[in-house]
Amino acid sequence: SLRRRPQAIQTTRGRIPNGAIVEQNAPGMPMDGMPLVLELRNPDFTTAIRVQDAINAYAAQRFGMKVANAEDFQSITLRRPRGLSTPRLFAEIGEIMVDPDQTARVVIDERTGTIIVGKDVQIMPVAVSHGSLNIRVSETPVVSQPAPFSQGRTVTDTESQVQVSQQGDSMGIVSGASLQALVAGLNQMGLKPTGIIAVLQAIKSAGALQAELVVQ
């Protein structure tokens with residue numbers, strides 16, 4: 001009897017970071033009669049409004065009119081001033097600097113022990129125990145009193161603190177409840193990246209990590 005040899009399995013799938021599907025060829029140069037639309041590469045409502053405001057502030061001084069309107073979280077339509085060509089409009093607004101809104105995100109690569117923390121990442125009050133390591137995040141009410149006869153108001157705020165301690169050694173107080181402060185305190189204690197990763201995952205599971213946790 002004849003036996004059929006098994007065929008080799010070939011992987012045909014893969015991950016392309018920031019990939020896209022090309023539906024049709026894009027025109028090489030926008031014509032004067034075409035609608036002018038700016039598309040954000042990373043759609044975000046805050047970034048779209050910042051782009052609109054920055055373009056309009058420049059256009060109000062340069063052309064005496066507003067030319068940008070944010071249609072949604074990705075598209076900003078442009079109105080070309082009279083007597084100005086489309087390439088000239090794009091050339092001038094292309095030099096405007098805008099600070100995009102950043103998503104609070106923590107990226108962890110468990111294979112290499114790499115940890116990347118965004119600047120907007122915050123942690124809520126939480127206590128974590130990892131082996132002989134103890135971490136406590138707390139908030140203390142702070143009352144600000146106005147000066148006498150200043151007709152001001154009493155304002156209540158909170159002051160966050162991160163306390164890290166280990167058996168036989170004390171880390172003291174690390175000011176601020178940002179994740180950067182927490183990681184800096186763990187590094188000063190000599191905790192290895194695997195330990196820091198375990199702590200971050202535990203804080204996320206507890207719902208105290210106010211950020212997206214991406215594990216690669």
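Start with the sheet: select β1, β2 and β3 in this predicted model. The three strands make an open sheet, ordered β1-β3-β2, with antiparallel pairing. Colour β1 (36-39) and β2 separately and you'll see the edges: each has a single partner strand, so one side of each has no neighbour in the sheet. Going from one strand to the next, the twist averages 25 degrees.

Now zoom in on β2 and β3. Three bridges hold this antiparallel pairing. For a landmark, label Ala70, which sits opposite Ile76 in β3.

Next, bring in the helices. Show α1 and you'll find it packed on the sheet, touching β1, β2 and β3. The direction of α1 makes about 165 degrees with that of β2. Then add α2 (residues 86-93), which lies across β1 and β3 and runs at about 30 degrees to β1.

While you're here, switch on side chains for the aromatics. How many aromatic pairs does the structure hold? There are two. Pick Phe45 and Phe73 to begin with: their ring centres are 5.4 Å apart and the planes meet at 45 degrees, which falls between the 30 and 60 degree limits, so the pair counts as tilted. This pair joins distant parts of the chain, with Phe45 in helix α1 (residues 45-62) and Phe73 in the loop between β2 (68-70) and β3 (75-78), 28 residues apart. Turn on a surface and check both rings' residues: Phe45 is exposed at 57% relative accessible area, while Phe73 is partly exposed at 36%.

Hop over to Tyr58 and Phe63 for the edge-to-face pair, with 6.4 Å between centres and 85 degrees between planes. Tyr58 is partly exposed, with a relative accessible area of 28%.

Time for the interior. Which residues have the most contacts inside the largest nonpolar core? Select Val106, Val121, Ile203, Leu209 and Ala211; the core they belong to has 16 residues. The elements giving two or more residues to this core are β4 (105-109), α3 (179-188) and α4 (193-205). Highlight α4 in particular, since five residues, the largest share, come from that helix.

Centre the view on Ala211 and expand to its contacts. Leaving out residues up to four places away in sequence, Ala211 touches Ala104, Arg105, Val106, Val121 and Lys204.

Last stop: another core lies apart from that one, with 14 residues. Select Leu40, Ile55, Ala70 and Ile93, which are among them. You've met Ala70 already, as the residue opposite Ile76.

Notes. Residues numbered from 1 in each chain as written. Predicted model: local features only at pLDDT ≥ 70, side-chain atom pairs only at ≥ 80, totals over all residues. Heavy atoms only, no water. Phe/Tyr/Trp six-rings, centres within 6.5 Å; stacked < 30°, edge-to-face > 60°. Helix = DSSP H or I, 4+ residues; strand = E, 2+ residues; numbered from the N terminus. Buried < 20%, exposed > 50% of the residue type's maximum accessible area, 1.4 Å probe, protein only. Core = buried A, V, L, I, M, F, W, Y, C linked by side-chain atoms within 4.5 Å. Contact = heavy atoms within 4.5 Å. Pairing = 2+ DSSP bridges. Axes fitted to C-alpha atoms, helices over the stretch in contact; angles between N-to-C directions.
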